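Q: Please take a close look at the surroundings of the ligand in this model, and then follow the chain outward from there. I would like the distances and the burial values stated carefully.

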Amino acid sequence: MLQRPDTIIKEYRIPDAPDAWVTILHDDLLHPVLGGNKLRKLDALLPTLQPSGITDVVTCGGLQSAHTAAIAAACAERGLRSHLLVRGERPAVPTGYHLLARMYGEVTYVPRSEYADRDAMLQRHAASIEAGLPAEAKVCIIEEGAASPLACLGLIRLVAHLARHWAASNRAVTIVTDCGTGTTAIGLAIGIAFLDLPWKVQGVMLADSAEYYLQQQKKLAKAFSSDFLTDSSAALRAKLERLPLHWVERLHPRKFGSILPGEIAICRQIARELGLLLDPIYSLAAWEVALQSAAEHSTGEDGSQHRVCILHCGGLHGLYGLAQRYPADF
Ligand SMILES: *Cc1c(COP(=O)(O)O)cnc(C)c1O
């Protein structure tokens, strides 16, 4: 049910730039709730739970977290129960990802002060949830963003699929993706490195600092190596140390979750002109960086030899949440 490696690949002409194209990997269209990178990240992770006796999953996120909604839907599809710890209070009108989380899973609101120490909060709630369940129930915690080596496997599978799809082309590829925990970008870069492709990833930093993302990269590469590589795979371990991954600033930096004046209008214009729906929190950031990359490469010596792609990670249900906060913009 989750294992759908294919993605819809579409070319979009860049407005006002003759002969410039951006390729969109439409992972957003893979599933109505799990669309985007969540499906990739859970692809290998969820099937490991039930064989080890897990019946209940605990995770956490902000009010409009795509992660909590995705975990809830994916668990429900597999017959697992999900318990979602959501930061803050119940909104007057649940909408967007939060509405979906409430439909598929069990939501508990956690005061911001308690949420500040996430690990402690997750442990505490997991213990009390387990205490209230039948004796045979077994609870596991999935951390925010599912930042684990298993989550990388679905991204490696996507890269392998793209490599087969473009096997006849010698164009180098840049994959741009918008980052929360950075797991998606890191998983893509591991796939590219292991398959020896002349490709690279640009991870647009949205939720934290460059130090945080470098730390995530180091942590995940180390965990991946210890989980999946044997002592004899020194060559692969060396590849993990030098991933083809560039962390880049968003073109118009801001605090994560907020939007700048006019951005809804920009998304609306792109939707009308290209038939491409973006959201100002996530995918617009990847779009802007991809246009810049496409412009740089089209003036470079290798010109048309380069393909700039965006992994469209979804995020569209977030628009409903934004409409609550900025009704006049829509
Ligand atoms: C969850 C999500 C992200 C963040 O993914 P990470 O793997 O945590 O970096 C980015 N974009 C969209 C649309 C998302 O839903």
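A: What follows starts at the ligand, moves to the helices and loops, and ends with some pairs of residues that are separated along the chain. The model is a predicted one, and its values should be read as belonging to a prediction.

The ligand sits in the largest pocket, and the elements that give two or more residues to the shell around the ligand are helix 1 (37-42), strand 7 (172-179) and helix 7 (183-194). Helix 1 supplies the largest share of that shell, with three residues. The residues around the ligand number 15, and those that come nearest are Lys38, Lys41, Asp178, Thr181 and Thr184. For three of these residues a side-chain distance to the ligand can be given. In lysine 41, a polar side-chain atom lies 2.8 Å from an oxygen atom of the ligand. The side chain of threonine 181 has an N or O atom that is 2.5 Å from an oxygen atom of the ligand, and for threonine 184 the corresponding distance between a side-chain N or O atom and an oxygen atom of the ligand is 2.6 Å. On its own the ligand has 390 Å² of accessible area, and the protein covers 96% of that area.

Helix 7, one of the elements that contribute to this shell, deserves a description of its own. Helix 7 has 12 residues and reaches 16 Å from its first C-alpha to its last, which is close to the 16 Å expected at 1.5 Å a residue. Helix 7 is mostly covered, with 12 of its 12 residues buried; among them are Thr183, Thr184, Ile186, Leu188, Ile190, Ile192 and Phe194. Thr184 therefore appears both in the list of residues that come nearest to the ligand and in the list of buried residues of helix 7, where buried means under 20% relative accessible area.

Just after helix 7, aspartate 196 takes a positive phi of about 55°, and aspartate 196 is a residue other than glycine. Most residues other than glycine have a negative phi. Aspartate 196 lies in the loop between helix 7 and strand 8 (200-205), and because its relative accessible area is 58%, aspartate 196 counts as exposed. A positive phi is also found at aspartate 16, where the value is about 65° although the residue is not a glycine. The place of aspartate 16 is in the loop between strand 1 (8-13) and strand 2 (21-26), and because its relative accessibility is 82%, aspartate 16 counts as exposed.

Another aspartate is found in a buried setting. Aspartate 56 lies in strand 3 (residues 56-61) and counts as buried because its relative accessibility is 0%. The side chain of aspartate 56 takes part in a polar contact of 2.6 Å with the side chain of threonine 55, and a polar contact of 2.7 Å joins the side chains of aspartate 56 and arginine 81.

Helix 6 (residues 149-165) can be described in the manner used for helix 7. Helix 6 has 17 residues and reaches 25 Å from its first C-alpha to its last, close to the 24 Å expected at 1.5 Å a residue. The buried residues of helix 6 include Pro149, Cys152, Leu155, Ile156, Leu158, Val159, His161 and Leu162.

The remaining residues concern separation along the chain and in space. Proline 47 lies in the loop between helix 1 and strand 3, and because its relative accessibility is 25%, proline 47 counts as partly exposed. Proline 47 and arginine 78 are 31 residues apart in sequence, while their C-alpha atoms are 8.6 Å apart in space. Tyrosine 104 lies in helix 3 (residues 96-104) and is partly exposed because its relative accessibility is 36%. The C-alpha atoms of tyrosine 104 and alanine 76 are separated by 6.4 Å, with the two residues lying 28 residues apart along the chain. Leucine 319 is placed in helix 12 (residues 318-325) and is buried because its relative accessible area is 16%. For leucine 319 and valine 22, which are 297 residues apart along the chain, the separation between the C-alpha atoms is 23 Å.

Methods: Residues numbered from 1 in each chain as written. Predicted model: local features only at pLDDT ≥ 70, side-chain atom pairs only at ≥ 80, totals over all residues. Heavy atoms only, no water. Helix = DSSP H or I, 4+ residues; strand = E, 2+ residues; numbered from the N terminus. Expected span 1.5 Å × (residues − 1). Buried < 20%, exposed > 50% of the residue type's maximum accessible area, 1.4 Å probe, protein only. Near = heavy atom within 4 Å. Polar contact = N/O pair within 3.5 Å; in protein donor to acceptor, adjacent residues only side chain to side chain. Areas by Shrake-Rupley, 256 points an atom, 1.4 Å probe, with all protein chains shown as cover. 1 Å grid on protein atoms, 1.4 Å probe; cavity = no way out; pocket = protein on both sides within 12 Å on 5 of 7 lines; lining within 4 Å. Sits in = over half its atoms within 2 Å of the grid points.
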